[in-house]
Structure formats: structure tokens, C-alpha cells
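Here's a quick back-and-forth for anyone about to poke at this model. Have a look at it first, then we'll go through the questions.

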Amino acid sequence: MIPEATESTAMLPDDREQVLMRLKIQQSTLGLVPDTGDLDIISLSTEVPSKSNPRTPGTMASYSARKAKFMSQRKRLVRITSKFCICMLCALAICGFIFSIYTQQYLKGPLRMLRKNPEDTKRFQYLKSSLLSVTERYNLEEKFTPQYKALLWLSKDDPLRVPVPTTESQLQKLIQRYVLACLYYSTGGPNWNERHNFLSGMDECDWNQIDEAGYYNGAGGCGIDGRVTMIALW
């Protein structure tokens, strides 16, 4: 006959709870899923982590969400970068087209302006090389600058046809005539009431007149060296 449990051998509720807790810890450590019953330790709906797949459904969902967000941001960045590059290429193409039109219409080079007369073309280049000592190259190539107009006049339309300088004195005379031609074009010379012999075939020392009132107008006052020392424009 099996003796009935006495107070000394009966399991108290507190002891039962401790035993259940130890069993729960052991089974969780071993990765075992217990049978349902009095030991309701782990829900069958919960995934037990393993060595081969340590991620739980919660971590997997979080990882997938972060990956999807990263890929979405990456695609968006690629689209923005592509649009920016396309816009830049279009802008460069438009600027290049405008610049080419501008150069064809407004920056026609001296060779194009003087191509009908090879002699004038050569003369233009020689005089241009001589005048680079006193004028920037850009000003001698820009069609609508006074410097370009003065150089063009010297090489093509000057009746005196000053020689290409080979000595220092010839260079000084060329520069003096060029400077006075620049003065004429920069002050609206074609619209003057009186030209005072400017841009004539005379020596620049004679680019002057005495008006009816006896006033001196123009450039002159040259000495024996042929240098202009006085300019008066009324």
C-alpha cells in the first residue's frame, strides 16, 4: 500500500512554480517544444530560434523593411542624379549652340572680313602683331570694339597705307595713328558734325581744322619728331 502524502512530502504551490520555471528554462535552452498540458511554457505559435536561422519573424520583418526603404531611396537618388545630368547636358548643348551663333554673327574674325583681299589679310595680321604691345588681343578681335575698327581701318581703308613697322620710329607713328583712330571710333566719330580731317589720308599731325570762329579743332601740335602733343575737340 502506498502511503498517503503527508504535509512533509506534499509539493507546495511555490515549489511547483519553481520546478515549472526550471523546466521552461531547460527546454528553451535545448530548443525543445514541450507538449501542451499543465506545463504551458511556450506557445506553439512562437518560432524557436536555431543556430542556422537566429532571426525571429520580428527581426526578419524589420530587416526587410529597412532593406526595402534603402533600395527605394537608392532608386530615387539614381533618378534624381540622372535627371540632373540630363539637364546639365541640355544646358551645355544650348549654351554651345548660342555661342556658335554669337561667334558667327558678331565675332567674325579678320580673316573672314578680309578674305576677298589676301593682301589686306596679311596686312591686318602684321599690324595686329605690332599693336599687341599696346592693346589686348581680345580688343583687337572683337568686331564692335573701337580698337578692332581702328585696326581694320588701318589695314584696309587708310588711304595713307602706313607701312608695317620695321623700326622703332615707324612703330611709334603706327601706334599714334592707331590711338587717334580709336579716339575717333570711341567718341562716335562717324556722327561728328565736323571730322577735322580724322581718318583722312593726311598725316595724323594734320588731323585738325580752324573753324570760322578761329578755334582750333582736332589733333596736332607736332614737333620735328612728328608726335601729336595737342588734341582739341569742341
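For the counts below, helices are DSSP runs of H or I with at least four residues, strands are runs of E with at least two, and both are numbered from the N terminus. Keep in mind that this is a predicted model.

Q: How many helices and strands does the secondary structure of the protein come to?
A: Going from the N terminus, the elements run α-α-α-α-α-α-α-β-β-β. Tallying them up, the protein has seven helices and three strands.

Q: What share of the 234 residues in the protein is buried?
A: To be called buried, a residue needs a relative accessible area under 20%. Among the 234 residues of the protein, the buried ones make up 24%.

Q: How far apart are the end C-alpha atoms of helix α4?
A: Helix α4 covers residues 118-131, which is 14 residues. At 1.5 Å a residue, the expected span is 20 Å. The model agrees with that, since the end C-alpha atoms of α4 are apart by 20 Å.

Q: Which residues in α4 are buried?
A: An α-helix has 3.6 residues a turn, so residues three or four places apart point the same way. With the cut-off for buried at under 20% relative accessible area, the buried set in α4 is Asp120, Thr121, Arg123, Phe124, Leu127, Lys128, Ser130 and Leu131.

Q: Which residue forms a salt bridge with Lys128?
A: Side chains of opposite charge can pair when their charged atoms come close. Here the closest N and O atoms are 2.6 Å apart, in the pair Lys128 and Glu141. Lys128 lies in helix α4 and its partner in helix α5 (residues 137-141), so the pair ties together parts that are 13 residues apart in sequence. The partner asked for is Glu141.

Q: Lys128 or Glu141: which of the two is buried, and which is partly exposed?
A: Glu141 has a relative accessible area of 32%, so Glu141 is partly exposed. At 7%, Lys128 is buried.

Q: How many salt bridges does the count come to?
A: The rule asks for a side-chain nitrogen of Lys or Arg within 4 Å of a carboxyl oxygen of Asp or Glu. Counting that way gives a total of seven.

Q: How many residues apart in sequence are the parts tied together by Lys173 and Asp203?
A: These two side chains meet in a salt bridge with an N to O distance of 3.1 Å. Lys173 lies in helix α7 (residues 168-186) and Asp203 in the loop between α7 and β1 (208-210), so the separation of the parts they tie together is 30 residues.

Q: Is Glu204 buried or exposed?
A: Glu204 also meets Lys173 in a salt bridge, at 3.0 Å from N to O. That pair links distant parts of the chain, with Glu204 in the loop between α7 and β1 and Lys173 in helix α7, 31 residues apart. At 2% relative accessibility, Glu204 counts as buried.

Q: Which residues are linked in a network of salt bridges?
A: Lys173 has salt bridges to Asp203 and to Glu204, and the network takes in further residues. Its full membership is Asp158, Lys173, Arg177, Asp203 and Glu204.

Q: How far apart in space are Asp158 and Gly201, C-alpha to C-alpha?
A: Asp158 is found in the loop between α6 (146-157) and α7, and is buried because its relative accessible area is 1%. In sequence, Asp158 and Gly201 are 43 residues apart. Their C-alpha to C-alpha distance in space is 6.5 Å.

Q: What is phi of Leu199 near?
A: Most residues other than glycine have a negative phi. Leu199, in the loop between α7 and β1 and buried at 9% relative accessible area, has a positive value. Its phi is near 60°.

Q: Which residues form a positive surface patch?
A: One of the members sits in helix α2 (residues 57-106): Lys75. Lys75 counts as exposed because its relative accessibility is 52%. The patch is formed by Lys75, Arg76, Arg79 and Lys83.

Q: About what area does the nonpolar surface patch have?
A: The patch is made by Ile94, Phe97, Ile98 and Ile101. Ile101 lies in helix α2 and is partly exposed, with a relative accessible area of 37%. The area of the patch is about 410 Å².

Technical notes:
Residues numbered from 1 in each chain as written. Predicted model: local features only at pLDDT ≥ 70, side-chain atom pairs only at ≥ 80, totals over all residues. Heavy atoms only, no water. Patch = residues over 30% accessible without salt bridge, like charges linked within 9 Å, V, L, I, M, F, W, Y side chains within 5 Å. Areas by Shrake-Rupley, 256 points an atom, 1.4 Å probe, with all protein chains shown as cover. Lys, Arg positive; Asp, Glu negative; His and termini not counted. Charge placed at Lys NZ, Arg CZ, Asp CG, Glu CD. Buried < 20%, exposed > 50% of the residue type's maximum accessible area, 1.4 Å probe, protein only. Expected span 1.5 Å × (residues − 1).
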